[in-house]
Amino acid sequence: MRKIVIAGNWKMYKTQAESEEFLRGFLPHLQETPEEREVLLCPPFTNLSVLSRNLHGSRVQLGAQNVHWEEFGAYTGEISG
């Protein structure tokens, strides 16, 4: 049986403060999400430490993205240098 993964790729959006604000609203909703679902967030590189700190001990896994030359935008899997 396939595992169901719910993943969010933030592309090149959200500051560190916006990331923390998002988590305050997002984490309570996980109580409604079945335990067998894998939850993954892939923020921009600049937010990895903030999310790592705030997700410690939660069921949310943390992913990363690579670099793109644009300053911001909807570039899947990228982060602005």
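Colleague: Let's start with Glu38: which element is it found in?

Modeller: Glu38 sits in strand 2. Strands here are DSSP runs of E with at least two residues, and helices are runs of H or I with at least four, both numbered from the N terminus. This is a predicted model, where local features need pLDDT of at least 70 and side-chain atom pairs count only at pLDDT 80 or more, while totals for chains, interfaces and linings use all residues. Residues are numbered from 1 along each chain as its sequence is written, and side-chain values use heavy atoms, with hydrogens and water left out.

Colleague: What makes the link between the side chains of Glu38 and Gln61 a polar contact?

Modeller: The distance is 3.0 Å. The rule asks for a pair of N or O atoms within 3.5 Å, one able to donate a hydrogen and the other to accept it within protein, and residues adjacent in sequence count only if both atoms are side-chain atoms. So the Glu38 and Gln61 side chains qualify. Setting aside neighbours within four places in sequence, Glu38 is also in contact (heavy atoms within 4.5 Å) with Lys3, Ile4, Val5 and Ile6.

Colleague: How do you know that strand 1 and strand 2 are paired?

Modeller: Pairing takes at least two DSSP bridges between two strands. Strand 1 and strand 2 (residues 38-42) are joined by five, and they run parallel, so they pass. Among the partners, Gly8 is bridged to Leu41, and Ala7 stands opposite Leu40.

Colleague: What order do the strands of the sheet have?

Modeller: The order is 1-2-3, in an open sheet of three strands with parallel pairing. Strand 1 (5-9) and strand 3 (60-62) are at the edges because each has a single partner strand, which leaves one side of each without a neighbour in the sheet. Ignoring direction, neighbouring strands are turned by 25° against each other on average.

Colleague: Why is Asn47 called buried?

Modeller: Buried means under 20% relative accessible area, exposed over 50%, and partly exposed in between (1.4 Å probe, protein chains only). Asn47 comes out at 0%, so it's buried. You'll find Asn47 in the loop between strand 2 and helix 2, with its side chain joined to that of Ser19 by a polar contact of 3.0 Å. Beyond four places in sequence, the residues Asn47 touches include Trp10, Tyr13 and Lys14.

Colleague: And why are Phe26 and Lys14 called partly exposed?

Modeller: Phe26, in helix 1, has a value of 21%, so it falls in the in-between class. Lys14 has 32%, so the label fits there too. Lys14 lies in the loop between strand 1 and helix 1, and has a positive phi of about 85° although it is not a glycine.

Colleague: What makes helix 1 and helix 2 roughly parallel?

Modeller: Helix 1 (residues 16-26) and helix 2 pack at about 25°, with axes 9 Å apart. Those axes are lines fitted to C-alpha atoms, for helices over the stretch in contact, and angles run from 0 to 180 degrees between N-to-C directions. Under 35 degrees counts as roughly parallel, over 145 as roughly antiparallel, 65 to 115 as roughly perpendicular and the rest as oblique. So "roughly parallel" is the right label for helix 1 and helix 2. Gln16, Ser19, Glu20 and Leu23 of helix 1 meet Val50, Leu51, Asn54 and Leu55 of helix 2 there.
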